[in-house]
Amino acid sequence: MTKVSITVNGQAQTADLDPRTLLVEFLREHLRLTGTHVGCDTSQCGACTVHLDGRAVKACTLLAAQADGKSVTTIEGLARGDVLHPMQAAFREHHGLQCGFCTPGMVMTAVALVNGHEGPLSEHDIREGLDGNLCRCTGYQNIVRAIAAGAVGMKA
Amino acid sequence: MYAFEYQRPASVKDAVALVGDETVFLAGGQTLIPTLKQRLRQASAVIDLGAIPELRGISATADAVTIGAMTRHAEVAASPDVHAAIPGLARLAGQIGDLQVRNSGTLGGSIANNDPAADYPAGLVALNAVVHTNTRTLPSEEFFTGMFETALAPGELVVKVVFPKPKRSAFAKFRNPASRYAIAGVFIADTADGMRVAVIGAGPGVFRVPAMEAALAKDFSARVLAGITIAADGLNEDMHATAAYRAHLVGVMAAKAVASLT
């Protein structure tokens, strides 16, 4: 067993884990933070995207032990009480989802994309930035629109 | 995954001391973790290199850029030092995988794995970079020995790579639109050691193209590449591209890289 201490959405979490435990398993099965989804489980779809010390990473391709001592933000950590994060609000406003399965990963990638980008995001930047996130419903149009609007909202 | 012990040493010395028969080093994990998950690989212990400060970071002198083995692709892509000295390398790092992969994957992990479709080997070989391990230094052409094969001895660890600053350099690749792995990628560097052209994705490992190097040394223009054909013999062939198509793409990507500099 491996002892890990990870700050998740601002709260210190400590656990004794099988070293094989993936970060996404720790979040979903130990902490019951089931907003982070497992889509493909093969590092391709990005539904499991969370922030590790502010960087967007795929939580299905990271051992929980690798996050020891670090800070993780999940989709549950974005809203401030009842007030949605500007990116969440933009996804709702622009209908950036259909079934919603990919949405937590899309939103987490989008927030990291805006935070890591100086100046305005072009449509090209957004589409390139979403390379690691798959949506099988929308054709991406409304997701791209939502992220463009969310980016403006985040800078406001 | 099969069960394994997890170790997180704080120094290269401690990491190497933990090496045993079935241990494996964990760098960014973007290949290793999927491989462990599929039970294609079994390890007695995973030695995580993520907490070793001496393996991280980028530094530059007038002549070279040094990149620590555990430096992530996103850090190389965003580094002002790399942009200033070797813009072709920054561009290469910025095109690896996707955003999340670039935020986790590392230089050392990529070159130690030596996937035939990985991008870094082209940059190292074209720039005549030197790989520093915990025991020795190796010119990159001696480091990469074949498909998923390197000169690393069991338990030997990549510490850093020193890239001599070229006069100019560029990278162009034709990507599989889904995986973003290169079908063919060409790195061109005009270096102190002459013109160097290195190809990834097309063959079982990185290789140079002497005919292109000689032609570009005489006249650095995309035009001189037009008459040079790459033999398809021995190139990779799979559901994405035939060997002949890959051979053709090497010429197209080389011309594209040169054109971006002229």
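## Accessibility and the model

A residue counts as buried when its relative accessible area is under 20%, as exposed when that area is over 50%, and as partly exposed in between. E75(B), at 29% relative accessibility, is therefore partly exposed. The structure described here is a predicted model.

## Salt bridges within chain B

Side chains of opposite charge can pair when their charged atoms come close. Over all chains, the whole structure holds 19 salt bridges. One of them joins E75(B) to R56(B), with 3.0 Å between the closest N and O atoms. E75(B) belongs to helix 3 (residues 73-78) of chain B, while R56(B) sits in the loop between strand 3 (45-48) and strand 4 (58-60) of that chain, so the salt bridge ties together parts that are 19 residues apart in sequence. Like its partner, which has a relative accessibility of 29%, R56(B) is partly exposed, its relative accessible area being 31%.

A salt bridge also connects R196(B) and E141(B), whose closest N and O atoms are 3.0 Å apart. This pair links distant parts of the chain, 55 residues apart: R196(B) is in strand 13 (residues 194-200) of chain B and E141(B) in helix 9 (residues 140-143) of chain B. R196(B) has a relative accessible area of 4% and is buried, whereas E141(B), at 41%, is partly exposed. A buried arginine and a partly exposed acid also make up the salt bridge between R246(B) and D238(B), which has an N to O distance of 3.1 Å. Here R246(B) has a relative accessible area of 4%, and D238(B) has a relative accessibility of 37%.

## A network between the chains

Salt bridges also link residues of both chains. E128(A) and D131(A) are joined with R175(B) and R180(B) in a network of salt bridges.

## The second largest pocket

Rolling a probe the size of a water molecule over the atoms shows where empty space is left. The second largest pocket has a volume of about 1000 Å³. Its lining comprises 33 residues, and those nearest the centre are G116(A), A77(B), G94(B), L99(B) and R102(B). Two or more lining residues come from each of strand 4 (55-58), helix 3 (103-115) and helix 4 (123-129) of chain A, and from each of helix 3, helix 5 (87-94) and helix 6 (99-102) of chain B.

By residue class, the lining of this pocket divides into ten nonpolar, eleven polar and twelve charged residues. Within chain A, domain 1 (2-77) and domain 2 (86-155) each supply at least three residues to the lining.

## Aromatic pairs

Three aromatic pairs are found over all chains. In one of these, F143(B) and F144(B) meet edge-to-face, with 5.1 Å from centre to centre and 90 degrees between the planes. Both rings belong to buried residues: F143(B) has a relative accessibility of 0%, and F144(B) has one of 9%.

F174(B) and Y245(B) form a further pair, with ring centres 6.4 Å apart; their planes lie at 80 degrees, so this pair is edge-to-face too. It links distant parts of the chain, 71 residues apart, with F174(B) in strand 11 (residues 168-175) of chain B and Y245(B) in helix 11 (residues 243-259) of chain B. F174(B) is partly exposed at 33% relative accessibility, as is Y245(B) with a relative accessible area of 34%.

## Domains of chain B

Chain B is divided into domain 1 (1-51) and domain 2 (168-259). Taken over C-alpha atoms, the centres of these two domains are 34 Å apart.

A45(B) lies in strand 3 of chain B and is buried, with a relative accessibility of 9%. From A45(B) to L216(B) the separation is 171 residues in sequence and 48 Å in space, C-alpha to C-alpha.

## Backbone with positive phi

Most residues other than glycine have a negative phi. D41(A) is not a glycine, yet has a positive phi of about 60 degrees. D41(A) is placed in the loop between helix 1 (23-30) and strand 3 (49-52) of chain A, where it is partly exposed at 36% relative accessibility.

In chain B, N114(B) likewise has a positive phi, near 50 degrees. N114(B) occupies the loop between helix 7 (107-113) and helix 8 (120-126) of chain B. With a relative accessibility of 2%, N114(B) is buried, whereas D41(A) is partly exposed.

Technical notes: Residues are numbered from 1 along each chain as its sequence is written. Chains are lettered from A and ligands numbered from 1 in the order in which they are written. This is a predicted model: local features need pLDDT of at least 70, side-chain atom pairs count only at pLDDT 80 or more; totals for chains, interfaces and linings use all residues. Side-chain values use heavy atoms; hydrogens and water are left out. A salt bridge is a side-chain nitrogen of Lys or Arg within 4 Å of a carboxyl oxygen of Asp or Glu. Helices (H or I, at least four residues) and strands (E, at least two) are DSSP runs, numbered from the N terminus. Buried means under 20% relative accessible area, exposed over 50%, partly exposed in between (1.4 Å probe, protein chains only). On a 1 Å grid over the protein atoms alone, a cavity is a set of points where a 1.4 Å probe fits but cannot get out, and a pocket is an open set with protein on both sides within 12 Å along at least five of seven lines; lining residues have an atom within 4 Å of a point. Grid points are joined across faces, edges and corners, and a volume is the space filled by probe spheres set on the points. Ala, Val, Leu, Ile, Met, Phe, Trp, Tyr, Cys and Pro count as nonpolar, Asp, Glu, Lys and Arg as charged, and the others, Gly among them, as polar. Domain bounds come from an automatic or database domain assignment. Rings of Phe, Tyr and Trp (its six-membered ring) pair if their centres lie within 6.5 Å; planes under 30 degrees apart count as stacked, over 60 as edge-to-face and the rest as tilted.
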